[in-house]
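Trainee: I am new to this structure. Could you take me through it in short steps?

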Amino acid sequence: MTLTPLPAFDDNYLWLLDNGREALVVDPGDAAPVAAALDARGLTLAGILLTHHHGDHVGGVNALRDRLQGPIYAPAREQMPEPVQRVQGGDAVTLLGLRFSVLDVPGHTAGHIAYFAEVPGADPLLFCGDTLFSAGCGRLFEGTPTQMHASLQSLAALPLQTRVCCAHEYTLSNLRFAREVDPANPALTTYAAWCEAERAAGRPTLPARVGTERQINPFLRCAEPALRESARRHAPLKLPAVPSPVDVFATLREWKNGFR
């Protein structure tokens, strides 16, 4: 299996997975880079996986239908470019011989889903849309802090070597915030240096790994004393005397919204 992040728009990645003959694509907001990759490699488009309804994730779907020789799987509870096959947490779908478990991960949008698969002879795959980013997470447009915190914790519980296929190249920006709120974390310093070198060389920082994210992503570490104290210093009047991990998450997410 070959996994390829196809750049689109300013900072999106459309994930293409192929076996040398057939391919699936995740969140094709733009049809053009997908079509170009299929043509260049002589691939048949065997399926599409959609995580949520935002235009930069579904905008290219209709333009790809003439090429499509398989299903389009999409969230059960979001408006989608019909026709699609609706799925939700607890379901499983099979494409390219891989069984993808569907995970409900509300927060960024109300019906956001993710897809997880074990891959024979390779590390597992997670297509998580805009829920989990490397060193960050998505904005809460429709969901609540409680929902998003629970969604992120469910992703953090996946196998450590899982490849985290996020939909945006936000890593360097996220790392600036992470180092602001967790400055004594040595794993952040090491990871930031690697990511800066990758971007300077024109390479993506993704996919990330669940194990790395558990060490460096502040939104996965809201139960840690360092993050709790950082949140308390930032918003001393908003937090209770003993803030919960959800309290800490909500404070960090609001802080990140205005961070420059």
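Trainee: Leaving out residues up to four places away in sequence, which residues does L17 touch?

Mentor: This is a predicted model. L17 sits in strand β2, residues 12-18. Leaving out residues up to four places away in sequence, the residues that L17 touches are M1, T2, L3, E22, A23, L24, L96, L98, F100 and L125.

Trainee: Is L17 buried or exposed?

Mentor: Buried means under 20% relative accessible area. The relative accessible area of L17 is 1%, so L17 is buried.

Trainee: How far apart in space are L17 and L96, C-alpha to C-alpha?

Mentor: L96 is among the residues that L17 touches. In sequence, L17 and L96 are 79 residues apart. In space, C-alpha to C-alpha, the distance between them is 8.7 Å.

Trainee: Where does L96 lie, and what is its phi?

Mentor: L96 is in the loop between β7 (92-95) and β8 (98-104). L96 counts as buried, because its relative accessibility is 14%. Its phi is positive, although L96 is a residue other than glycine. The value is near 55°.

Trainee: What is the phi of A135?

Mentor: A135 is placed in the loop between β11 (132-133) and β12 (136-137). At 1% relative accessibility, A135 counts as buried. A135 is a residue other than glycine with a positive phi. That phi is near 70°.

Trainee: Which residue does a cis peptide bond join to P83?

Mentor: P83 is in the loop between β5 (72-75) and β6 (85-87). The bond leading to P83 has omega near 0° and is cis. The residue before that bond is E82.

Trainee: Which residue does a cis peptide bond join to P207?

Mentor: Look in the loop between α6 (186-200) and β14 (208-209), where P207 is found. The cis bond has omega of about 0°. Its partner to P207 is L206.

Trainee: Which residues of helix α8 are buried, and within what arc do they fall?

Mentor: Helix α8 covers residues 225-234, and its buried residues are L227, S230 and A231. Seen down the axis of α8, they line one face of the helix, because they fall within an arc of 95°.

Trainee: Against which helices do the buried residues of α8 pack?

Mentor: The buried residues of α8 have two helices as packing partners. These are α5 (171-181) and α9 (245-257).

Trainee: How do α8 and α9 pack, and what is the handedness of their crossing?

Mentor: Their axes are 9 Å apart, at an angle of about 60°. That angle makes α8 oblique to α9. The crossing is left-handed.

Trainee: Which residues make the contact of α8 and α9, and how many are charged?

Mentor: From α8 come L227, R228, S230, A231 and H234. From α9 come V248, T251, L252 and W255. The contact has 5 nonpolar and 3 polar residues, and the charged count is 1.

Trainee: At what angle do α4 and α9 cross?

Mentor: Helix α4 spans residues 145-156, and its axis comes within 9 Å of that of α9. The two helices are roughly perpendicular to each other. They cross at roughly 105°.

Trainee: Which residues meet where α4 contacts α9, and how many of them are nonpolar?

Mentor: α4 brings P145, T146, M148, H149 and L152. α9 brings P245, V246, F249 and A250. In this contact 2 residues are polar and no residue is charged, while the nonpolar count is 7.

Methods: Residues are numbered from 1 along each chain as its sequence is written. This is a predicted model: local features need pLDDT of at least 70, side-chain atom pairs count only at pLDDT 80 or more; totals for chains, interfaces and linings use all residues. Side-chain values use heavy atoms; hydrogens and water are left out. Buried means under 20% relative accessible area, exposed over 50%, partly exposed in between (1.4 Å probe, protein chains only). Helices (H or I, at least four residues) and strands (E, at least two) are DSSP runs, numbered from the N terminus. The arc is that of the directions from the helix axis to the C-beta atoms. Contact means heavy atoms within 4.5 Å. Axes are lines fitted to C-alpha atoms, for helices over the stretch in contact, and angles run from 0 to 180 degrees between N-to-C directions. Angles under 35 degrees count as roughly parallel, over 145 as roughly antiparallel, 65 to 115 as roughly perpendicular and the rest as oblique. A crossing is left-handed if the near helix is turned anticlockwise from the far one by less than a right angle, and right-handed if clockwise. Ala, Val, Leu, Ile, Met, Phe, Trp, Tyr, Cys and Pro count as nonpolar, Asp, Glu, Lys and Arg as charged, and the others, Gly among them, as polar.
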